[in-house]
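Here's a quick tour of a fold, going from a pair of cysteines out to the sheet and the helices around it. Have a look at the model first, then read on.

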Amino acid sequence: WPLPWTMTRIGKWLLRGLLFLATLQHAQADESAAPAGVKELDDDSYRLVEESHDVWVIQFHSGMCGTCQTFQPTWRAVAEELRDKLRLGSVNVDLEAGSSLAQRLKAFENGIPSIAVVLPERTDMLIKAFAWDGVDQPPPAADIVTAIEAAIPGSREQLLGNVWVVSGAAVLRGGR
């Protein structure tokens, strides 16, 4: 038997709504994926940082945090700017292994979303570079890059591509 006209119309709208929700969920999943050149880190993969001779910049975030989602485009711009200069990592604290790493490194003290610097000689310690409380809009990516560079210790050190200038002597940092 034929369905009444209103039932078919409701069915079409429901189908459109479900397709829209599926598309929206897929777009959000793509948005939360790590930008190019950013290594997803957790308790197990953090050994890459510990074994590295490079400075790492690590973002701590949560997919369930609205502020973190709002910050994602800014993080992508920061990662784009720094990916050829520093090693980049991202820790999703929604995952048990990511949350465990964040607890071990005391990242929750900075809040999320936050960005920290990890030096090769002190991989057990985070240097807070940036944390956003969600008030107003996130600052421009260039300001965050400046804050990250300022968080790297040494008043006479400057990051120039893959070369560190330390008291006038150039030191080539390890490769990516």
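## Cysteines, sheet and cores

Cys68 has a relative accessibility of 1%, so it counts as buried. Cys65 comes in at 15% and therefore counts as buried too, the cut-off being 20%. There are zero disulfides in the structure. Keep in mind that this is a predicted model.

Now for the sheet. Five strands make up an open, mixed sheet, in the order S1-S3-S2-S4-S5. S1 and S5 sit at the edges with a single partner strand each, so each has one side without a neighbour in the sheet. On average, neighbouring strands are turned by 25° against each other, ignoring direction. S2 and S4 run antiparallel and are joined by five bridges; Val57 has Val117 of S4 as its bridge partner.

Two helices can be placed against those strands. H3 lies across S1, S2, S3, S4 and S5, at about 170° to S2. H5 packs on the sheet as well, where it touches S2, S4 and S5, and its direction makes about 165° with that of S5.

What about the nonpolar interior? The largest nonpolar core has 23 residues, and the members touching the most others are Trp75, Val78, Ile115, Val117 and Ile148. Helix H3 (66–82), strands S4 (114–118) and S5 (127–131), and helix H5 (141–151) supply at least two residues each to this core. Another core lies apart from it, with 15 residues including Tyr46, Phe60, Ala102 and Ala107.

Ile148 is worth a click: beyond its neighbours within four places in sequence, Ile148 contacts Val57, Val78, Leu82, Leu86, Ile115, Val117 and Ala129.

Which residues of H4 and H5 are buried, and what do they pack against? Here they are side by side:

| Helix | Buried residues | Pack against |
|---|---|---|
| H4 (96–104) | Gly98, Ser99, Leu101, Ala102 | S1 (38–41), S2 (56–61), S3 (87–92) |
| H5 | Ala141, Ile144, Val145, Ile148, Ala151 | S2, H3, S4, S5 |

The buried residues of H5 fall within an arc of 120° when you look down the axis, so they line one face of the helix. For H4, the buried residues cover an arc of only 160° around the axis, which puts them on the same side. The face of H4 turned away from that buried side carries exposed Glu96 and Gln103. After H4 comes Lys106, with a positive phi near 60°.

Definitions and conventions:
Residues numbered from 1 in each chain as written. Predicted model: local features only at pLDDT ≥ 70, side-chain atom pairs only at ≥ 80, totals over all residues. Heavy atoms only, no water. Disulfide = S-S within 2.5 Å. Buried < 20%, exposed > 50% of the residue type's maximum accessible area, 1.4 Å probe, protein only. Core = buried A, V, L, I, M, F, W, Y, C linked by side-chain atoms within 4.5 Å. Helix = DSSP H or I, 4+ residues; strand = E, 2+ residues; numbered from the N terminus. Contact = heavy atoms within 4.5 Å. Arc of directions from axis to C-beta. Pairing = 2+ DSSP bridges. Axes fitted to C-alpha atoms, helices over the stretch in contact; angles between N-to-C directions.
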